[in-house]
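Q: Could you take me through one part of this model up close? I'd like the geometry and the residues behind it, in one connected story.

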Amino acid sequence: MVKNSFISLIPQEEKEENRGSVEFQVFSFTNKIRRLTSHLELHRKDYLSQRGLRKILGKRQRLLAYLSKKNRVCYNKLIGQLGIREPKTR
């Protein structure tokens, strides 16, 4: 039920080729985060799932920091597609 609500932003052919790419990992972590968040809205005291969510959030945060250093254009495109993080204004 929940899995069907996520829209795939990456075409199927690219998924099979680039499963190790940073972009795909961030995409899959984002889907896991959204799934866990909706689970935790129903089960507020599921502390093990909360811990898992925090670990996945940390992994995604580190991957996004790496991507922003290595390829800024790709990073901006990815956060725009996924709807995460506010764009930084300086």
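**A close look at α2**

A: The crossing of α2 and α3 is left-handed, and bear in mind that this is a predicted model. Let's pin down the two partners. Helix α2 covers residues 22-42, and helix α3 covers residues 47-70. The two helices pack at an angle of about 155°, and their axes are 9 Å apart. Angles over 145 degrees count as roughly antiparallel, so α2 is roughly antiparallel to α3. Those two numbers are the natural ones to quote, because a pair of packed helices is described by the angle between the axes and the distance between them.

Now for who touches whom. On the α2 side, the contact residues are V22, E23, Q25, V26, F29, T30, K32, I33, L36, T37, H39 and L40. Facing them from α3 are S49, Q50, G52, L53, I56, L57, K59, R60, L63, L64, Y66 and L67. Sort the residues of this contact by type and you get 13 nonpolar, seven polar and four charged.

Staying on α2, there's a bit of ring geometry to check. The count of aromatic pairs comes to one. That pair is F24 with F27: the ring centres are 6.4 Å apart and the planes sit at 45°, so the pair is tilted. Why tilted? Stacked would need planes under 30 degrees apart and edge-to-face would need over 60, so an angle between those limits gets the tilted label. F24 and F27 are three residues apart in α2, which means about one helical turn separates them.

Are these two rings' residues buried or exposed? The cut-off for buried is under 20% relative accessible area. F24 has 14%, so F24 is buried, and F27, at 5% relative accessibility, counts as buried too. F27 also has a link in space to a distant part of the sequence: F27 and L78 are 51 residues apart along the chain, yet their C-alpha atoms are 8.4 Å apart.

Zooming out, here's the setting. The chain has four helices and zero strands, giving the pattern α-α-α-α when read along the sequence. Of the 90 residues in the chain, 29% are buried, with F24 and F27 among them. As for contacts with a separation of 6 or more, 51% are between residues 24 or more positions apart.

Terms used: Residues are numbered from 1 along each chain as its sequence is written. This is a predicted model: local features need pLDDT of at least 70, side-chain atom pairs count only at pLDDT 80 or more; totals for chains, interfaces and linings use all residues. Side-chain values use heavy atoms; hydrogens and water are left out. Rings of Phe, Tyr and Trp (its six-membered ring) pair if their centres lie within 6.5 Å; planes under 30 degrees apart count as stacked, over 60 as edge-to-face and the rest as tilted. Buried means under 20% relative accessible area, exposed over 50%, partly exposed in between (1.4 Å probe, protein chains only). Axes are lines fitted to C-alpha atoms, for helices over the stretch in contact, and angles run from 0 to 180 degrees between N-to-C directions. Angles under 35 degrees count as roughly parallel, over 145 as roughly antiparallel, 65 to 115 as roughly perpendicular and the rest as oblique. A crossing is left-handed if the near helix is turned anticlockwise from the far one by less than a right angle, and right-handed if clockwise. Contact means heavy atoms within 4.5 Å. Ala, Val, Leu, Ile, Met, Phe, Trp, Tyr, Cys and Pro count as nonpolar, Asp, Glu, Lys and Arg as charged, and the others, Gly among them, as polar.
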